[in-house]
Amino acid sequence: MPQGEAGIMARIKSVRFQLKLNVCLVIFAFVFLGYKGITGMLDAEASIGELYGKGMQHSIRAGKILHELEIARSGLLLGFQHDPNSVFSDMHNHPLSNHVEASRASIKLLHDIIDSQILTSDLDSDERTQVNRLVSLLDKVTQEGFNPAIEALSQGDYQLSNRLLLQNINPLFKDITAQAQAFLDLQIAEAKASYLASEEAASLFIWLVAIFSGVAILIITASSVLIIRRVSLSVVQLEEAAVDIAAGDLTKRIVLDGQDEFAHIAGHVNHIAADFQQAVTNTHASTSRLASAAEQNAVVSTQTQRNVL
């Protein structure tokens, strides 16, 4: 293996690198979970905002149209009570114009809701089709029913105004109510579809977070267990070897597989023990040679003394 690749592999197998990798995995897991949590909340906020800004607002506006239409029709009915031929005509303490103006204001307001709020909003093809039908019916009931009925009422022609109410306004009122209800049903269906989509997205998010969390915990736990076992085994072997060497067993050696820091430390300790053993062996050999030379010198000295005598 080339020296560069060997150096990279040695660095990867080191305990220091594995600890750093574990820390990076933990940080990445927290960052990913935080990111998914924030994006999930933002998506939920956008979904709720769209539901409120589009579906609910359209439903509210459709309800307002029906409300104003009912007020306009009620204004005509209340105006009929001002008919001099009615037994209730003398019981009113306000002029007929109050009901006439109320009906006109309601008709104007419901057309403003259609023109300025609903038609200018973001509508899909189905919604626009329903709205166009509603607009057509409102224009028809306004031109053929409310406008001539209000005009006749303001001029005191109660009979004509009542006829227009019965023949033109009431039948169209039923059609308008049905069309508005169809528009509301469409909004409800879209809201339900949006809710189901949000629920599916939330379920997918939960599963994704759960799977990622499980995998991250599994990897981090497995890596931590391997590091702990490696460190524990290495420390125990180093301690046992150090105790034996300190007790005088210079033949003791530490055997650790791998290329991490503990294997390097074991190699250095073994090298120190081998050098110390070699030094002790050399010292013993030198001492033996000195003792042998001293013994020989003693023998020579004894023989020399005998020869002199």
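A patch, as the word is used in these legends, is made of residues with over 30% relative accessible area and no salt bridge, with nonpolar side chains joined within 5 Å.

**Figure 1. A nonpolar patch on the surface of the predicted model includes Trp207.** The structure shown here and in the views that follow is a predicted model. Four residues, Trp207, Ile211, Val215 and Ile219, form this nonpolar surface patch, and together they have about 430 Å² of accessible area. Trp207 belongs to helix α5, which covers residues 158-246. Because its relative accessibility is 58%, and the cut-off for exposed is over 50%, Trp207 counts as exposed.

**Figure 2. The chain as a whole is built from helices, with 6 of them and 0 strands.** Followed along the sequence, the pattern of the chain reads α-α-α-α-α-α. Of the 309 residues in the chain, 28% are buried, and the chain exposes about 19800 Å², of which carbon and sulfur atoms supply 63%. When contacts between residues at least 6 apart in sequence are considered, 74% of them join residues at least 24 apart.

**Figure 3. Helix α5 is shown with its bend at Ile169 and the glycine that follows the helix.** With 89 residues, α5 reaches 123 Å from its first C-alpha to its last, which is close to the 132 Å expected at 1.5 Å a residue. At Ile169 the helix α5 bends by about 35°, and the proline Pro171 follows within four residues. After α5 comes Gly248, which has a positive phi, near 110°.

**Figure 4. Ser103 is a buried residue of helix α3.** Helix α3 covers residues 97-118, and Ser103 is found in it. Ser103 has a relative accessible area of 1%, and therefore falls under the 20% that defines a buried residue. If its neighbours within four places in sequence are left aside, Ser103 is in contact with Ile71, Ala72, Gly75, Leu76 and Ile150. The helix itself, α3, has 22 residues and reaches 30 Å from first C-alpha to last, close to the 32 Å expected at 1.5 Å a residue. Among the buried residues of α3, in addition to Ser103, are His99, Val100, Ser106, Ile107 and Leu110, and the list also includes His111, Ile113, Ile114 and Ile118.

**Figure 5. Pro84 lies in the loop between helices α2 and α3.** Helix α2 covers residues 15-80, and the loop that holds Pro84 lies between α2 and α3. Pro84 has a relative accessibility of 62% and so counts as exposed. Although Pro84 and Gly156 are 72 residues apart in sequence, their C-alpha atoms are 9.3 Å apart in space. Apart from neighbours within four places in sequence, the residues in contact with Pro84 are Ser89 and Tyr158.

**Figure 6. Glu70 and Arg73 form a salt bridge within helix α2.** A search of the whole structure finds 4 salt bridges, and in the one shown here the closest N and O atoms of Glu70 and Arg73 are 3.4 Å apart. Both residues lie in α2, where Glu70 and Arg73 are separated by 3 residues, about one turn of the helix. Glu70 is partly exposed, with a relative accessible area of 29%, whereas Arg73, at 18% relative accessibility, counts as buried.

**Figure 7. A salt bridge joins Glu151 to Arg104.** In this pair the closest N and O atoms are 3.6 Å apart. Glu151 lies in helix α4 (residues 125-154) and Arg104 in helix α3, so the salt bridge ties together parts of the chain that are 47 residues apart in sequence. Glu151 is partly exposed, with a relative accessible area of 36%, and Arg104 is also partly exposed, with a relative accessible area of 34%.

**Figure 8. Within helix α3, the side chains of Asp112 and Lys108 meet in a salt bridge.** The N to O distance in this salt bridge is 3.2 Å, and Asp112 and Lys108, both in α3, are 4 residues apart, about one turn of the helix. At 31% relative accessibility Asp112 counts as partly exposed, while Lys108, at 54%, counts as exposed. Elsewhere in the structure, salt bridges that share partners join Glu101, Arg104 and Glu151 into one network.

Definitions and conventions
Residues numbered from 1 in each chain as written. Predicted model: local features only at pLDDT ≥ 70, side-chain atom pairs only at ≥ 80, totals over all residues. Heavy atoms only, no water. Helix = DSSP H or I, 4+ residues; strand = E, 2+ residues; numbered from the N terminus. Buried < 20%, exposed > 50% of the residue type's maximum accessible area, 1.4 Å probe, protein only. Contact = heavy atoms within 4.5 Å. Areas by Shrake-Rupley, 256 points an atom, 1.4 Å probe, with all protein chains shown as cover. Patch = residues over 30% accessible without salt bridge, like charges linked within 9 Å, V, L, I, M, F, W, Y side chains within 5 Å. Expected span 1.5 Å × (residues − 1). Bend = angle between axes of the 7 residues up to and from the residue.
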